[in-house]
Amino acid sequence: MGSLQPHIRLGNDLNVTYAVLPGDPKRVERVMEFLDSPKELAFNREYRSAIGFYKGVKILVVSTGIGGPSLGIAVEELNNIGVTALIRIGSCGALQPHLKIGDLVIASGAVRNDGASLAYIEKGYPAVSNPELLFFIKIAAERLQISHHFGIVRSHDSFYTDNEGNIDKFWSKRNVLASDMETAPLLVISALRSLQAASILNVVVSASGDLHEGINDYVDGERNAEHGEKNEILLALETFALLDKVKNERD
Ligand SMILES: O=P(O)(O)O[C@H]1O[C@H](CO)[C@@H](O)[C@H]1O
Ligand SMILES: O=c1cc[nH]c(=O)[nH]1
């Protein structure tokens, strides 16, 4: 076995290039339901991992925890073991009234209101999704008939400051679709390391909804949020299957 990365506790003997990244370790189990021959690998701190096959393509699943710092560690260690393409499958809060619970938001890019991406590089460096991945996400969504919204999201570091309502209003007026905590650092760190990355987010809090209530409902298995989660998992897996086919044809 190759030497293990200190946090994710995985080595390059896995020989895997595609990784699906939920924030929540519990979501790893849900991804495993869609994989053939799924096998749980490690569970250290927030980093829970499993491996399996989707349409014959080897897929790694690793949870990244909450926020940019832990996400950043996962991305770096995944890069160290040879992963080259990453799709976040996260949850988010809507900033626009037309987004409903369980809708999917595909990030074209992200407002960098997180600290982790700033620790890497100044704000002029854009947080944008990889165009090839976006292209295949779009094709996969159409094939699977999964409705979705494309646009800018915002990644933040705080949940409970006294100013959250005003901050959300500010970004809502500027056509930002939704908020999460990991998309911007994922896109920036991946681009700096020459990795392909994209982010698919499941709406679990509506724009007019209560944050506590929305997240509690999601944890308790609210039907639409669960449906959105299944859709984002399937969409990410199908995207990797399409990407892999094209990569094999190129080689
Ligand atoms: O459900 P995940 O993927 O963790 O994503 C969202 O949920 C967490 C906050 O509840 C943050 O990590 C946020 O980005
Ligand atoms: O505003 C929100 C809501 C859910 N999850 C987030 O990260 N932010």
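**Core, ligand shells and local features of the predicted model**

The largest nonpolar core comprises 73 residues, and those with the most contacts inside it are Val20, Ile59, Leu86, Val105, Ala178 and Ile200. These positions belong to a predicted model. For Leu86, residues up to four places away in sequence being set aside, the contacts are Ala19, Leu21, Val75, Leu78, Leu186, Ser190, Leu195 and Ala197. Of the 251 residues of the protein, 48% count as buried.

The overall dimensions were examined next. A compact globule of 251 residues would have a radius of gyration near 18 Å, and the value of 17 Å computed for the protein therefore agrees with such a globule. The C-alpha trace spans about 50 × 40 × 35 Å along its principal axes. Eight helices and nine strands make up the secondary structure elements of the protein. Among contacts between residues at least 6 apart in sequence, 77% join residues at least 24 apart.

An unreviewed UniProt entry places the feature "domain: Nucleoside phosphorylase" at residues 17–203. Over residues 17–203 the chain is 32% helix and 36% strand. The C-alpha atoms at the two ends of this range are 28 Å apart.

Two ligands are present, and the residues around each were listed. Ligand 1 is surrounded by Pro22, Gly23, Asp24, Ile66, Gly90, Ser91, Asp180, Met181, Glu182 and Ile215. Sorted by class, the shell around ligand 1 contains four nonpolar, three polar and three charged residues. Around ligand 2 lie Ser91, Cys92, Gly93, Ser179, Asp180, Met181, Val205 and Leu211. The shell around ligand 2 has four nonpolar, three polar and one charged residues. Ser91, Asp180 and Met181 appear in the shell of ligand 1 and also in that of ligand 2.

The shell around ligand 2 can also be described by secondary structure. Strands β5 (85–94) and β8 (178–180) each supply at least two of its residues. The largest share, three residues, comes from β5.

Helix α6, residues 183–192, is mostly covered, with nine of its ten residues buried. The buried residues in α6 are Thr183, Ala184, Pro185, Leu186, Leu187, Val188, Ile189, Ser190 and Ala191. Two of these, Leu186 and Ser190, are also among the residues touched by Leu86. After α6 comes serine 194, which has a positive phi near 60 degrees.

Positive phi values were also found at two loop residues. Glutamine 145 is a residue other than glycine, and its phi is near 55 degrees. Glutamine 145 sits in the loop between α4 (131–144) and β7 (148–156). This residue counts as exposed because 7 C-beta neighbours lie inside 10 Å, where 12 or fewer is the condition for exposure. Asparagine 175, likewise not a glycine, has a positive phi of about 65 degrees. The loop that holds asparagine 175 runs between α5 (164–173) and β8. Asparagine 175 has 10 other C-beta atoms within 10 Å and is therefore exposed.

Two strand residues illustrate contacts between positions separated along the chain. Glycine 151 is part of strand β7. Because 16 other C-beta atoms lie within 10 Å, a number between the limits of 12 for exposed and 20 for buried, glycine 151 is partly exposed. Apart from neighbours within four places in sequence, glycine 151 is in contact with Val105, Ser108 and Leu177. One of these, Val105, is listed among the residues with the most contacts inside the largest nonpolar core. Glycine 151 and alanine 110 are 41 residues apart along the chain, and their C-alpha atoms are separated by 8.6 Å.

Asparagine 44 lies in strand β2, which covers residues 36–44. With 14 C-beta neighbours inside 10 Å, asparagine 44 counts as partly exposed. His7 and Arg9 are in contact with asparagine 44 once neighbours within four places in sequence are left aside. The C-alpha atoms of asparagine 44 and isoleucine 8 are separated by 6.5 Å, although the two residues are 36 apart along the chain.

Key. Residues are numbered from 1 along each chain as its sequence is written. Chains are lettered from A and ligands numbered from 1 in the order in which they are written. This is a predicted model: local features need pLDDT of at least 70, side-chain atom pairs count only at pLDDT 80 or more; totals for chains, interfaces and linings use all residues. A residue is near a molecule or strand if its C-beta atom, placed from the backbone, lies within 6 Å of it. Helices (H or I, at least four residues) and strands (E, at least two) are DSSP runs, numbered from the N terminus. Ala, Val, Leu, Ile, Met, Phe, Trp, Tyr, Cys and Pro count as nonpolar, Asp, Glu, Lys and Arg as charged, and the others, Gly among them, as polar. UniProt positions are given in the numbering used here, feature names are shortened, and annotations may be inferred rather than shown by experiment. The radius of gyration is taken over C-alpha atoms; the globule rule is 2.2 Å times the number of residues to the power 0.38. Two residues are in contact if their C-beta atoms, placed from the backbone, lie within 7 Å. A nonpolar core is a set of buried Ala, Val, Leu, Ile, Met, Phe, Trp, Tyr and Cys residues joined through C-beta atoms within 7 Å.
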